[in-house]
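Colleague: I've got the model open, and I'd like to know what stands behind the words people use for it. Can we go through them one at a time?

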Amino acid sequence: MNSKNINIIINSLIVILEIIGFILVFSKLGITSLEYYTEDSNLLLLISSIIFLIYISKNKELPTWFESFRFVAVVSTTLTLIIVLTVLSWTTDLGLYHLLFNGSMLYHHTLCPILAILSFALLEKYENINAIKGLYFTLIYAAIMIVLNILKIVEGPYPFLRIYQQPISHSILWTIVILAITYAIALILKKVNGKVII
């Protein structure tokens, strides 16, 4: 089986699993689920995999803008997985097993990010990836959610976004740490992209 067919299989799996995850989360939380970085980043991944499949199945060259879009989607969903493992597992009462394997989280926290990383590292090759661009979505999400929290339109939804429940210094520190993690992920993904084309 060549790399193109493997690519089609993996990205088809991503699309199917993303849709299952969204059906589960929308049935439980409705449109408010889009307050979560998890769902927003997975929506980017879903769209990018659909576009990817359309072009690769027709043997068409991917458009230049797609590189950045795909990169942002994979960085963002990877951040979702990393934050679950390193932050949410101890700052919430849900527990790591629940966060990784329960309901829609099995798909949006675990399976889809892992498949995206595998596809990006092993099967895709992009020439003009800029690690700074990997920060864009996280910066936009953070800016919007911080403003909405300041205005008390939403609360959280993550513990580190609840600015009225912690000192301002904690909010600033969390922002710096998460952006640093995002940038580190972007640098690593840029380095491993296309290193092993199977």
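Modeller: Sure, and let's start with one definition: Asp, Glu, Lys and Arg count as charged, Ala, Val, Leu, Ile, Met, Phe, Trp, Tyr, Cys and Pro as nonpolar, and the others, Gly among them, as polar. By that scheme the lining of the second largest pocket divides into six nonpolar, three polar and six charged residues. Bear in mind that this is a predicted model.

Colleague: Which residues lie closest to the centre of the second largest pocket, and how much space is in there?

Modeller: That pocket holds about 290 Å³. Its lining has 15 residues, with Glu61, Leu62, Glu67, Lys125 and Tyr126 closest to the centre. Glu61, Glu67 and Lys125 fall in the charged class, because Glu and Lys are both on that list. Helix 3 gives the largest share of the lining, four residues.

Colleague: How do you know that Arg70 is buried?

Modeller: Buried means under 20% relative accessible area. Arg70 has 0%, so it is buried. This residue is found in helix 3.

Colleague: And what makes the pairing of Arg70 with Glu124 a polar contact?

Modeller: The cut-off for such a pair of N or O atoms is 3.5 Å. The side chains of Arg70 and Glu124 come to 2.8 Å, so the pair passes. Arg70 makes another polar contact, with the side chain of Ser49, at 3.0 Å. Leaving aside neighbours within four places in sequence, its wider set of contacts includes Asn11, Leu45, Phe120 and Tyr126.

Colleague: Why is Thr78 called buried when its relative accessible area isn't zero?

Modeller: The value is 7%, and the limit is 20%, so Thr78 counts as buried. Thr78 is in helix 3 as well. Not counting residues up to four places away in sequence, Thr78 touches Ile117, Ile185 and Leu189. Its C-alpha is 9.2 Å from that of Ala186, although the two are 108 residues apart along the chain.

Colleague: Ile185 and Leu189 again. What does helix 7 pack against?

Modeller: The buried residues of helix 7 pack against helix 3 (64–91), helix 5 (104–122) and helix 6 (136–150). Those buried residues are Ser171, Trp174, Ile178, Thr182, Ile185, Ala186 and Leu189. Residues three or four places apart point the same way, because an α-helix has 3.6 residues a turn.

Colleague: How do you know what span to expect for helix 7?

Modeller: The expected span is 1.5 Å times one less than the number of residues. Helix 7 (168–192) has 25 residues, and its reach of 36 Å from first C-alpha to last is close to the 36 Å expected. Just after the helix, Gly194 takes a positive phi of about 70 degrees.

Colleague: What makes the largest cavity a cavity and not a pocket?

Modeller: A 1.4 Å probe fits inside a cavity but cannot get out, whereas a pocket is open. The structure holds one cavity of 30 Å³ or more, and the largest has a volume of about 260 Å³. Of its 19 lining residues, Tyr37, Thr138, Tyr141, Phe160 and Ile178 lie nearest the centre. The lining divides into 13 nonpolar, six polar and no charged residues.

Colleague: And which residues lie nearest the centre of the largest pocket?

Modeller: Leu29, Tyr36, Leu94, Met105 and His109, out of 21 in the lining. The volume is about 450 Å³. Helix 1 gives the most to this lining, with four residues. Here the classes come out as eleven nonpolar, seven polar and three charged.

How values were computed
Residues numbered from 1 in each chain as written. Predicted model: local features only at pLDDT ≥ 70, side-chain atom pairs only at ≥ 80, totals over all residues. Heavy atoms only, no water. Helix = DSSP H or I, 4+ residues; strand = E, 2+ residues; numbered from the N terminus. Buried < 20%, exposed > 50% of the residue type's maximum accessible area, 1.4 Å probe, protein only. Contact = heavy atoms within 4.5 Å. 1 Å grid on protein atoms, 1.4 Å probe; cavity = no way out; pocket = protein on both sides within 12 Å on 5 of 7 lines; lining within 4 Å. Points joined across faces, edges and corners; volume = space filled by probe spheres on them. Polar contact = N/O pair within 3.5 Å; in protein donor to acceptor, adjacent residues only side chain to side chain.
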